[in-house]
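Grab a coffee and work through a few exercises on backbone geometry, burial and cavities. Try each task yourself before reading its solution.

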Amino acid sequence: MTDSQNPSPNQMHLAAFVTAGPGRPGGWRYPGSEPGWLSASYYQHIGRVLEQGKFDLMFFADILSVPDRLGGSMDSQLRYGALGSLRLDPTPVLSSIATVTEHLGLAATVSTSYLEPFPVARSFATVDHLSDGRAAWNVVTSFQDSEARNFGSDRHIDRDKRYDRADEFLEVACKLWDSWEDDALVMDPSVPLFADPDRVHPIDHKGEWFDVRGPLNVSRPPQGYPVIIQAGASPKGRDFAARWSDVIFCSHASLDSAREFYRDIKDRATRHGRRPEDVKILPMATPIVGPTTEAAREAERRLADLVPPLAGLSTLAYHLDIDLSTLPLDEPLPDVDVPGVQGHYKEVVEMTRREGLTLRELGKRYGGRTEGAFIGTAAEVADSMEQWFTEGACDGFTVGAVHTPGAFEDFVRQVVPELQRRGVFRRDYEGRTLRDNLGLDRPRAGTWRDRRYGGNVPR
Ligand SMILES: Cc1cc2nc3c(=O)[nH]c(=O)nc-3n(C[C@H](O)[C@H](O)[C@H](O)COP(=O)(O)O)c2cc1C
């Protein structure tokens, strides 16, 4: 850690879930929501608000296609401004936020299934330098044929294979970030010695998926490696996340399933020889805060009214990778085999059973995507967050906004002071880099590249 205090283990960490686009079919229609998705100042404003609220990081989700999984059509995604309707490339967006913030971590989603390790490692090393050590990478393996079709293939890679590729991708990225020793950039004009050739090393990686000579043409990032985020939900995905991640995102329909996931991931991390406290688990919480419980519930109803069922169903079809257009709308979602995101399936099955929802109602709910536990007054939202945190379900939260920037402003103005008063959230940043604020050590060169093998390195 650099010139910093350790964050308290009794305090939660907060990430903000943002899309570089409208993201929610009800949110962009909500009164007061601002349509600034194409301007840097819009994201910079959200970044400033989150930094005032002492958030650890701002995270941008991403998709590499306009989803077409509902009846083979993009219509409902585009027409209703749903999750995948419009997405700016998140990595340049991070750089624009870096210029107006000092402490906020900056995370972008990049897929290991379609890109190559060299440009990705380079891009995150660049953001880490430009932000003085605040970059984070949400490593996704993608799950849609529609994404494959933008990269010269009809079918997405199978789950097992895509995680194998992701393992090798991360191994190569770590080698590239290590390819400049920490003191390789000398910049002494009197010698002259700009970079010491003896301290910059080709990596000569030859593997199943990638052949990369290296070195990187960017010096070692201030954090060593950017913070690694992952959200694997399948057994293979959970293992991958437990091996590689500093931070894990997840979404749960109940405290019980969040607890089960938390225990499982910490056990897996321990089995891979890691300290469980080095993996921060941050489930989604999408609060709606009102002056009274009834006012918050009313805002929830108004938002739900703005979500056409097909908008939510087209996103659910995309997440599950199932064409839901063939199923009856006025009956519950039947049991199905899910090739897509199993975590989201578990969540909607739990919701459907608990509330007796038809598919049409589920579409509305899914398009709105709030978690019922976090709707109410600031004190009630803080109660739920504190309960999840103290009862072993999480190390903090990934906070979503039902409309932007207003819902983040409400949260920072009302819920953050409540959490601070209770002593479960920081009043100020502890350190300089994102790793400092998360309480994570800066990785020493060479110490991560074997994580792929989970402690059983082939020799
Ligand atoms: C909070 C959260 C955010 C996610 N963001 C993205 C994203 O931006 N892009 C993406 O392709 N997948 C995203 N995912 C999906 C995961 O990366 C992963 O594919 C999914 O959880 C399925 O895991 P599995 O492949 O192990 O089944 C997200 C998941 C969660 C829970």
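The exercises below use a predicted model.

**Exercise 1.** Work out how the span of helix H14 compares with the span expected at 1.5 Å a residue.

*Solution.* Start with the residue range: H14 runs over residues 406-421, which makes 16 residues. Next, take 1.5 Å times one less than that number of residues; the expected span is 22 Å. Now go from the first C-alpha to the last: H14 reaches 23 Å, close to the expected value. Don't picture a straight rod, though, as H14 bends by about 35 degrees at Val-412.

**Exercise 2.** Find what the buried side of the story looks like for H14: which residues are buried, and which elements do they pack against?

*Solution.* Use the cut-off first: buried means under 20% relative accessible area. Gly-406, Ala-407, Phe-408, Phe-411, Val-412, Val-415, Val-416, Glu-418, Leu-419 and Gln-420 fall in that class. So the bend residue, Val-412, is itself buried. Then look for the partners: the buried residues pack against strands S1 (13-19), S12 (288-289) and S14 (396-399), plus helices H1 (40-52) and H13 (378-390).

**Exercise 3.** Hunt for unusual backbone angles: where are the cis peptide bonds into Pro-192 and Pro-405, and which residues other than glycine have the positive phi values near 50 degrees and near 45 degrees?

*Solution.* Keep the baseline in mind: most peptide bonds are trans, and most residues other than glycine have a negative phi.

- Val-191 to Pro-192 is cis, with omega near -5 degrees; Pro-192 sits in the loop between strands S5 (185-188) and S6 (193-195).
- Thr-404 to Pro-405 is cis too, with omega near 0 degrees; Pro-405 is in the loop between S14 and H14.
- Met-187, in strand S5, has its phi near 50 degrees.
- Asp-204, in the loop between S6 and strand S7 (205-206), has its phi near 45 degrees.

Is Asp-204 buried or exposed? Exposed means over 50%, and Asp-204 has 57% relative accessibility, so Asp-204 counts as exposed. As for glycine, Gly-423, just after H14, takes a positive phi of about 80 degrees.

**Exercise 4.** Describe the second largest cavity by volume and lining.

*Solution.* Begin with the count: there are two cavities of 30 Å³ or more. The second largest has a volume of about 30 Å³. Its lining consists of Pro-7, Ser-8, Gln-11, Met-12, His-13, Arg-426, Glu-430 and Asn-437. Sort that lining by class and you get two nonpolar, four polar and two charged residues.

Notes:
Residues numbered from 1 in each chain as written. Predicted model: local features only at pLDDT ≥ 70, side-chain atom pairs only at ≥ 80, totals over all residues. Heavy atoms only, no water. Helix = DSSP H or I, 4+ residues; strand = E, 2+ residues; numbered from the N terminus. Bend = angle between axes of the 7 residues up to and from the residue. Buried < 20%, exposed > 50% of the residue type's maximum accessible area, 1.4 Å probe, protein only. Contact = heavy atoms within 4.5 Å. 1 Å grid on protein atoms, 1.4 Å probe; cavity = no way out; pocket = protein on both sides within 12 Å on 5 of 7 lines; lining within 4 Å. Points joined across faces, edges and corners; volume = space filled by probe spheres on them. Nonpolar A, V, L, I, M, F, W, Y, C, P; charged D, E, K, R; others polar.
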